[in-house]
Amino acid sequence: MNAPASKKRAVSGLLLLDKPAGYSSNHALQKVKRLLRAEKAGHTGTLDPFATGLLLICLGEATKFSSYGLEGDKRYLATLKLGVTTATGDIEGEILSGKEVAISQSEIDRVLAKFRGTISQIPPIYSALKVAGKPMYDYARKGIDVERKAREVEIKQLDCVNFSADELTIDVSCSKGTYIRTLGEDIGVALGCGAHLVALRRTASSALTIERAITLEQLEAFSEIERDSTLLPIDTLLQDIPSIMLESRMITRLRQGQCQEAHPDWLPGMVSVYDSNRKLIGLAEVTGARQLIAKRLIAEHLATSVT
C-alpha cells in the first residue's frame with residue numbers, strides 16, 4: 001500500500017528551482033517541501049517576490065551545508081527603469097521622483113565601467129539585513145531611520161544587454177552580499193536621472209545555472225519518482241571545496257568526534273570527506289596544528305554517492 005500523500009519522508013538532496021514572480025522565496029520553498037513530502041528543507045539566497053530565477057533548495061541532510069550555497073558568486077539579468085526613483089529601489093516601492101531621460105549609449109557604457117571591480121555599497125533600508133536583532137525592513141516600515149554602514153562588494157562582470165529610451169537591462173556577475181537594487185539606484189545616480197529595478201532574474205549561483213533548474217509547474221506535473229530524480233547530490237553544494245578520501249577506521253573516529261592527524265598533503269581549511277566508495281561523509285577542517293576535525297557530517301545511514 002502506498003504511503004498517504006501527507007506523510008513526510010527523510011528525502012535529501014539539492015533542487016534547482018526556477019522561482020516564478022509573485023512567490024516569496026519561503027513560499028516557493030514550502031511548496032517544494034510539500035510536493036516532495038520532505039521532513040526538512042531550506043533555501044540559499046533569498047529572492048524578492050517580484051524576482052525570478054535560480055533558487056537553491058536544500059532538502060534533508062543537504063540543509064547542513066546550505067550556507068555554502070550562500071558563499072559563491074551570483075549572476076543576474078536586471079532591468080532598470082531610468083528617470084524614476086522609488087522608496088524601495090524596486091518596482092514594489094512608492095514613487096519618489098521622476099525625471100526626463102536623455103542618455104546616450106556611450107554614457108551608459110562610461111557609467112557601467114565605473115561600477116566594475118570592488119565597489120562600496122550602502123545596504124538598502126528595505127532589506128533583511130539585521131540591526132539589533134531585527135531586519136531593517138521592520139524599522140523602515142515604522143519610519144525609523146537606522147545607521148547603515150557601507151561595505152565592499154565585487155562586481156566581476158557588468159554589461160549592457162539592452163538599452164532603449166528609459167529602460168536598461170544589465171548582466172551582472174557579483175560577489176555574495178551584493179544588492180542589485182542598490183547597484184541599480186547607484187547607476188541611476190551616476191547617470192544623473194535616477195533609476196529603480198523593474199525586473200530581476202538570477203541566472204547562476206557559483207557554477208550552477210538556470211538552465212538546469214525546473215519550474216514549480218514541472219514539479220507539480222511529475223510523479224513522485226520523477227520529482228526525486230530531479231534532486232542533485234548533496235555535494236553539488238561543495239564543488240569549490242577540496243576533497244579527501246578516508247579509510248573506514250578514520251571515518252569511524254571522525255564520527256565519534258575524535259581529532260586525527262592530518263596528512264602532510266592536506267592544506268589547512270575546510271575539506272569535503274569521502275569514503276573509499278566515493279560516498280560523501282561530510283565536512284571536516286584541517287587545522288593549522290595539522291589536526292582533522294569533523295564539522296558537519298551526514299547521518300551515517302544517509303551518506304550519498306557522488307554522481
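This short talk covers the charged side chains of one protein chain, with a look at helix H7. Keep in mind that the model is predicted.

Start with the whole chain. It has eight helices and 19 strands. Along its principal axes, the C-alpha trace spans about 70 × 55 × 40 Å. Of the 307 residues, 47% are buried. Now take contacts between residues at least 6 apart in sequence. Of these, 69% join residues at least 24 apart. The chain exposes about 15,500 Å², and carbon and sulfur atoms supply 49% of that area.

Next, charge. The chain carries 39 positive and 37 negative charges, and their mean positions are 6 Å apart. Side chains of opposite charge can pair when their charged atoms come close. Here the count comes to 15 salt bridges.

Let me show you three of them.

First up, aspartate 228 and arginine 9. Their side chains meet in a salt bridge at 2.9 Å, N to O. What does this pair tie together? Aspartate 228 lies in helix H7, and arginine 9 sits in the segment before strand S1 (13–19), so the bridge joins parts that are 219 residues apart in sequence. Aspartate 228 is partly exposed, at 28% relative accessibility. Arginine 9 counts as buried, at 18%. This pair also belongs to a network of salt bridges that links Arg9, Arg37, Glu224 and Asp228.

Next, glutamate 285 and lysine 295. The closest N and O atoms in this salt bridge are 3.4 Å apart. Glutamate 285 is in strand S17 (residues 279–286) and lysine 295 is in strand S18 (residues 291–297), so this pair ties together parts 10 residues apart in sequence. Glutamate 285 is partly exposed, with a relative accessible area of 26%. Lysine 295 is partly exposed too, at 45%.

Then glutamate 61 and lysine 64. Their closest N and O atoms are 2.8 Å apart in the salt bridge. Is glutamate 61 buried or exposed? Glutamate 61 counts as buried, at 10% relative accessibility. Lysine 64 is partly exposed, at 27%.

Back to helix H7, residues 224–229, for arginine 227. Arginine 227 is buried, yet has no salt bridge. Why does it have none? The nearest side chain of opposite charge, glutamate 224, is 5.4 Å away, and a salt bridge needs nitrogen and oxygen within 4 Å, so the pair does not count. What does arginine 227 touch? Leaving out residues up to four places away in sequence, arginine 227 touches Leu35, Leu36, Leu219, Glu220 and Phe222.

To close on helix H7: aspartate 228 has a salt bridge with arginine 9, while arginine 227 has none.

Notes: Residues numbered from 1 in each chain as written. Predicted model: local features only at pLDDT ≥ 70, side-chain atom pairs only at ≥ 80, totals over all residues. Heavy atoms only, no water. Helix = DSSP H or I, 4+ residues; strand = E, 2+ residues; numbered from the N terminus. Buried < 20%, exposed > 50% of the residue type's maximum accessible area, 1.4 Å probe, protein only. Lys, Arg positive; Asp, Glu negative; His and termini not counted. Contact = heavy atoms within 4.5 Å. Areas by Shrake-Rupley, 256 points an atom, 1.4 Å probe, with all protein chains shown as cover. Charge placed at Lys NZ, Arg CZ, Asp CG, Glu CD.
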